[in-house]
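Let us take a walk through this structure together, starting with the overall fold and ending with a few individual residues. Please keep the sequence and the model open beside you as you read.

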Amino acid sequence: MNKNKLYSFILFACFIGYGWLLFSFQHEHQIQNQEFTVCLFKKVTTFPCPSCGTTRSVLQLSHGNLLSAILLNPFGILVALIMLVAPFWISYDLVQKKETFYTIYLKTESILRKRKVAFVLIVLVIANWIWNIKKNL
């Protein structure tokens with residue numbers, strides 16, 4: 001993926017994510033009580049997907065509840081971090097005409113492509129998925 005496509009994709013994803021969070025804040029009670037879900041996987045199978053609980057995790061983070069956020073879904077920490085940092089970092093690159101975010105992306109991608117690293121991450125995603133099922137998210 002070239003730099004412009006990556007930056008556009010990340011900024012668009014963050015924009016959608018912020019919109020979803022705004023909606024989630026307005027319906028927080030229903031979301032926290034699992035009365036509402038948009039997870040197609042869960043609707044079809046009745047089992048939570050590996051990312052189920054991420055929105056609730058980010059909501060907990062926004063209230064300063066780090067432990068609750070981690071217990072809901074550790075992916076929420078990663079999503080919140082990306083949503084907070086990426087738009088500013090990309091804006092910096094665009095204003096300064098630099099490629100620091102893109103360079104880090106390429107380095108990270110090359111690390112994630114290593115079999116051992118990919119295997120560990122896949123195991124962690126599966127473990128998180130099993131944990132989500134066990135918690136009955």
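The paragraphs below go from the whole chain to one helix, then to a pocket, two buried residues and the last helix.

Keep in mind from the start that this is a predicted model. The protein chain is built from helices: there are eight of them, and zero strands. Reading along the sequence, you meet the pattern α-α-α-α-α-α-α-α. The C-alpha atoms fit a box of roughly 45 × 40 × 30 Å along the principal axes. The chain has 137 residues, and 28% of these count as buried. If you take the contacts between residues at least 6 apart in sequence, 58% of them join residues at least 24 apart.

A good place to look next is helix α6, which covers residues 75-96. Its 22 residues reach 31 Å from the first C-alpha to the last, close to the 32 Å expected at 1.5 Å a residue. Where does α6 bend? Follow the helix to V85, where you will find a bend of about 30°. A proline, P87, comes within four residues after that point. Just after the helix, K97 takes a positive phi of about 55°.

Now turn to the buried side chains and backbone of this helix. The buried residues in α6 are G76, A80, M83, A86, P87, I90 and D93. Which helices do the buried residues of α6 pack against? Their partners are α1 (3-26), α4 (54-62) and α7 (100-112).

Two of these partners come up again in the second largest pocket, which has a volume of about 560 Å³. The elements that give two or more residues to its lining are α1, α6 and α7. In total, 15 residues line this pocket, and L78, I82, F101, Y105 and T108 lie nearest its centre. What is the lining like by class? It has 13 nonpolar residues, one polar and one charged.

Let us pick out I90, a residue of helix α6. I90 counts as buried because its relative accessibility is 0%, and the cut-off for burial is under 20%. Leaving aside neighbours within four places in sequence, I90 is in contact with Y7, I10, L11 and F101. F101 is also among the residues that lie nearest the centre of the second largest pocket. For a sense of distance, compare I90 with F25: they are 65 residues apart in sequence, and their C-alpha atoms are 26 Å apart in space.

The next residue to find is L21, in helix α1. Is L21 buried or exposed? L21 is buried, since its relative accessible area is 13%. Beyond its neighbours within four places in sequence, L21 is in contact with V58, L59 and M83. M83 is one of the buried residues of α6 listed above. L21 and Y105 are 84 residues apart along the chain, with 25 Å between their C-alpha atoms.

We finish with helix α8, residues 115-135. At 1.5 Å a residue, its 21 residues should span 30 Å, and the end C-alpha atoms are 30 Å apart, so the two values agree. Just after α8 comes N136, with a positive phi of about 60°.

Definitions and conventions: Residues are numbered from 1 along each chain as its sequence is written. This is a predicted model: local features need pLDDT of at least 70, side-chain atom pairs count only at pLDDT 80 or more; totals for chains, interfaces and linings use all residues. Side-chain values use heavy atoms; hydrogens and water are left out. The expected span of a helix is 1.5 Å times one less than its number of residues. The bend at a residue is the angle between axes fitted to the seven residues ending there and the seven starting there. Buried means under 20% relative accessible area, exposed over 50%, partly exposed in between (1.4 Å probe, protein chains only). Contact means heavy atoms within 4.5 Å. On a 1 Å grid over the protein atoms alone, a cavity is a set of points where a 1.4 Å probe fits but cannot get out, and a pocket is an open set with protein on both sides within 12 Å along at least five of seven lines; lining residues have an atom within 4 Å of a point. Grid points are joined across faces, edges and corners, and a volume is the space filled by probe spheres set on the points. Ala, Val, Leu, Ile, Met, Phe, Trp, Tyr, Cys and Pro count as nonpolar, Asp, Glu, Lys and Arg as charged, and the others, Gly among them, as polar.
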